[in-house]
Every structure is written in structure tokens, then in C-alpha cells.
Amino acid sequence: MDREARYALIDALPKAELHLHIEGSLEPEMLFALAERNAVAIPFASVEEVRAAYDFSNLQDFLDIYYQGMSVLLHEQDFFDLTFAYLERAHADAVRHVEIFFDPQGHTERGVAFDTAIGGILRALDEGQARFGISYRLIMCFLRHLDEEAAFATLREAEPWLDRIAGVGLDSSEVGHPPSKFARVFADAKAKGLKLVAHAGEEGPPSYVWEALDLLKVDRIDHGNRALEDEALVQRIVADTQTLTVCPLSNLKLCVIDRIEDSPVKRMLDLGIRATVNSDDPAYFGGYVNTNFRAIADALDLNRE
Ligand code: HPA
Ligand code: ZN
């Protein structure tokens with residue numbers, strides 16, 4: 001398949017995006033616009049300066065900038081604008097269904113109410129469904145660098161919104177914060193009828209993926225790259241028909257892989273793993289979902305099958 005035919009196929013394919021942090025869709029232009037609208041000082045003089053700062057050598061490098069970027073999100077309308085801009089981009093990429101993450105603790109920790117964040121996000125998701133026909137699920141993530149009690153407090157804050165939240169996830173700094181730290185809060189979330197997902201095996205070892213499966217009892221694994229280092233784990237993932245939400249350009253930007261040719265997507269598919277392609281934090285990692293598909297289709301010589 002030549003490149004043009006590949007790109008035409010990718011662009012037209014109806015897609016689901018299953019790994020997208022809404023705060024990671026904050027483009028530098030919107031960062032500046034919201035900083036001005038809300039009179040928030042940011043340590044950048046121009047959009048070019050912001051983009052130049054997006055040069056990461058690991059996950060933590062990125063997270064430091066990601067949390068800093070959130071500081072401009074103050075009002076319900078800000079969360080609406082952020083989310084609706086993502087949905088417009090997703091619509092342009094023929095995305096028909098999204099399951100997006102948000103990080104409530106990234107907002108409540110700096111004094112923005114849980115209701116402000118989720119209210120704006122949900123209003124935009126409803127508008128996106130009405131305008132573009134994009135169906136959605138919302139996943140509330142716990143920040144794993146914070147403690148178990150903070151996660152429990154967040155679950156309590158979510159109580160009035162539980163009919164609008166499909167599941168809980170686990171993100172932020174992985175190494176040193178294994179899934180086991182959150183086994184009890186995930187059990188509680190499950191008892192409340194929520195679906196469970198967790199970032200595992202992005203930077204963390206295969207044992208973290210085992211923990212996500214055995215201790216958290218997740219319905220899906222986010223990233224999961226390092227599962228490929230453990231043959232028994234691969235067999236388990238295949239036997240359980242677990243889905244992995246892989247993020248090729250994220251992996252490249254965060255140095256999880258050295259070259260896009262090292263993306264594990266094709267190896268995973270060949271092993272029988274349900275690997276999906278997603279953009280993670282597209283404003284920071286160089287592209288939305290179609291750009292991710294294009295990058296691996298070229299690098300891994302993917303065809304229609
Ligand atoms: N990994 C962990 N936490 C995150 C990520 C990620 O890729 N993106 C936003 N928060
Ligand atoms: Zn992620």
C-alpha cells in the first residue's frame with residue numbers, strides 16, 4: 001500500500017479514541033488565550049517558546065509542564081472550551097467515540113472545584129455528541145503520586161456525578177507508585193459500578209501490569225508497553241482479551257521508545273493482543289489520533305489488515 005492510499009484510508013476510518021487526557025489537549029494558543037482571559041501569569045513569552053519547552057526526556061519532564069499548563073483552567077467555561085476544541089479536532093479525524101480522562105486532583109489541589117471541572121467537560125461532551133455525533137464516556141483518573149486517602153477523597157467528591165462517570169483510571173508518575181497502592185480505592189470504585197483502567201508498563205516494570213490485572217482487576221490497560229518483556233504476562237493479556245491503549249507519538253516524545261519504528265503496536269497485534277492507537281496528550285506530543293496512525297503506518301509498513 002503506498003503512502004497516499006494509506007493516509008486516505010486512515011483519514012476516512014471511523015475511530016474510537018480510548019486514551020486521551022483532556023488536559024493534555026491544551027494547545028499553546030489556548031494556553032495563552034486562557035492565561036490572558038483569566039489573568040494568570042505563565043512563564044512563557046510566546047507560543048514558539050512554549051513549543052520549544054516541549055522537549056522531554058521522560059514522563060516526569062512532561063508531567064511538570066502538563067501540571068503547569070493546567071493553571072490557566074479556572075472556570076467552567078475554560079473546561080468547556082478545552083474539551084470542545086478537542087472534539088472539533090477529533091471530529092476532523094473521523095473519531096466517532098471517545099473515552100477521555102480528566103485529572104480532578106490537578107484542579108482541586110489548586111482550588112478549582114470538582115464540579116467546575118467536570119461540569120464544563122460534560123457540557124462540551126454533550127454538545128459534541130449533539131453537533132458531531134461523537135459518543136463518549138468520561139474516566140476520572142487518580143494521580144498516583146498522591147496518597148490513597150487523596151484518591152478516596154476524590155471518589156467521595158465524585159459521588160453526585162457517578163451516573164456521568166464511566167470509570168476510574170490511574171495516571172501521573174508511574175515508577176515508585178505501583179498499582180497496589182490503590183487496590184482498596186479501586187475495589188470501592190468497582191463496588192460503585194465503575195469500570196477500571198490504569199496506566200501500567202509505560203515506564204514501570206511488567207510487575208506493575210501484573211498488579212493492575214491481579215490487584216486492581218482492571219478492565220483495560222493504558223500503555224502496557226513493558227508487558228512485552230514478560231512472556232507469561234503476554235499470554236495472560238491475550239487469554240483475558242485485555243485491551244491495551246497504546247500511544248505511539250507519546251511513547252516517542254517521552255523516550256519510552258527511541259524511534260517510531262520501535263512502536264510495539266504491530267508486535268502486539270501479531271501476538272494476538274488487542275492494541276489500540278491513541279494520542280494521549282496530543283497538544284504536547286505532536287499530533288492527534290490520525291497523526292499517530294500515519295506515523296506507525298509508515299514506520300511499521302502497516303496495511304489495511
Ligand atoms: N502517563 C502518565 N500520566 C499521564 C500521562 C501519561 O502518559 N499523560 C497525562 N498524565
Ligand atoms: Zn496517558
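## The largest pocket

Helix H13 is the place to start: it gives the largest share of the lining of the largest pocket, 4 residues. Keep in mind while you look around that this is a predicted model. The pocket itself has a volume of about 470 Å³, and 22 residues line it. If you want to find its centre on screen, go to Phe293, Leu302, Asn303, Arg304 and Glu305, the closest of the lining residues to that point.

H13 (265-271) isn't working alone here. Helix H1 (3-12), strand S1, strand S8 (274-277) and helix H15 (289-299) also put at least two residues each into the lining. As for chemistry, the walls break down into 14 nonpolar, 3 polar and 5 charged residues.

## The zinc site

Now for the metal. The zinc ion (ligand 2) has three histidines and an aspartate as its protein donors: His19, His21 and His199, each through NE2, plus Asp280 through OD. These donors sit 2.0 to 2.3 Å from the ion. Along the sequence, the spacing reads H-x1-H-x177-H-x80-D. One pair of donors ties together distant parts of the chain: His21 belongs to strand S1 (residues 15-21) and His199 to strand S5 (residues 195-200), and the two are 178 residues apart.

Don't expect a neat geometry. The arrangement is irregular because the angles subtended by the 4 donor atoms run from 83 to 175 degrees, while a tetrahedral site would need all angles between 85 and 135 degrees.

How exposed or buried are the two histidines of that pair? His21 has 4% relative accessibility, so it counts as buried. His199 is at 5% relative accessibility and therefore counts as buried too. The cut-off for buried is under 20%.

## The second largest pocket

There's another pocket to look at, with about 160 Å³ of space in it. Its lining is made up of Glu99, Arg137, Ile139, Ala166, Gly167, Val168, Lys195, Leu196, Val197, Asp219 and Arg220. By class, that gives 5 nonpolar, 1 polar and 5 charged residues.

Strands do a good part of the lining here: S3 (135-143), S4 (167-171) and S5 each supply at least two residues. Which of the elements gives the largest share? That's S5, with 3 residues. You've met S5 already, as the strand that holds the zinc donor His199. Strand S1 has a double role as well, since it carries His21 and also supplies at least two residues of the lining of the largest pocket.

Note on methods. Residues numbered from 1 in each chain as written. Chains lettered and ligands numbered in written order. Predicted model: local features only at pLDDT ≥ 70, side-chain atom pairs only at ≥ 80, totals over all residues. Heavy atoms only, no water. Donors = N, O, S within 2.8 Å, 3.2 Å for Na, K, Ca; no water. Tetrahedral: all angles 85-135°; square planar, octahedral: opposite > 155°, others 65-115°. Buried < 20%, exposed > 50% of the residue type's maximum accessible area, 1.4 Å probe, protein only. 1 Å grid on protein atoms, 1.4 Å probe; cavity = no way out; pocket = protein on both sides within 12 Å on 5 of 7 lines; lining within 4 Å. Points joined across faces, edges and corners; volume = space filled by probe spheres on them. Nonpolar A, V, L, I, M, F, W, Y, C, P; charged D, E, K, R; others polar.
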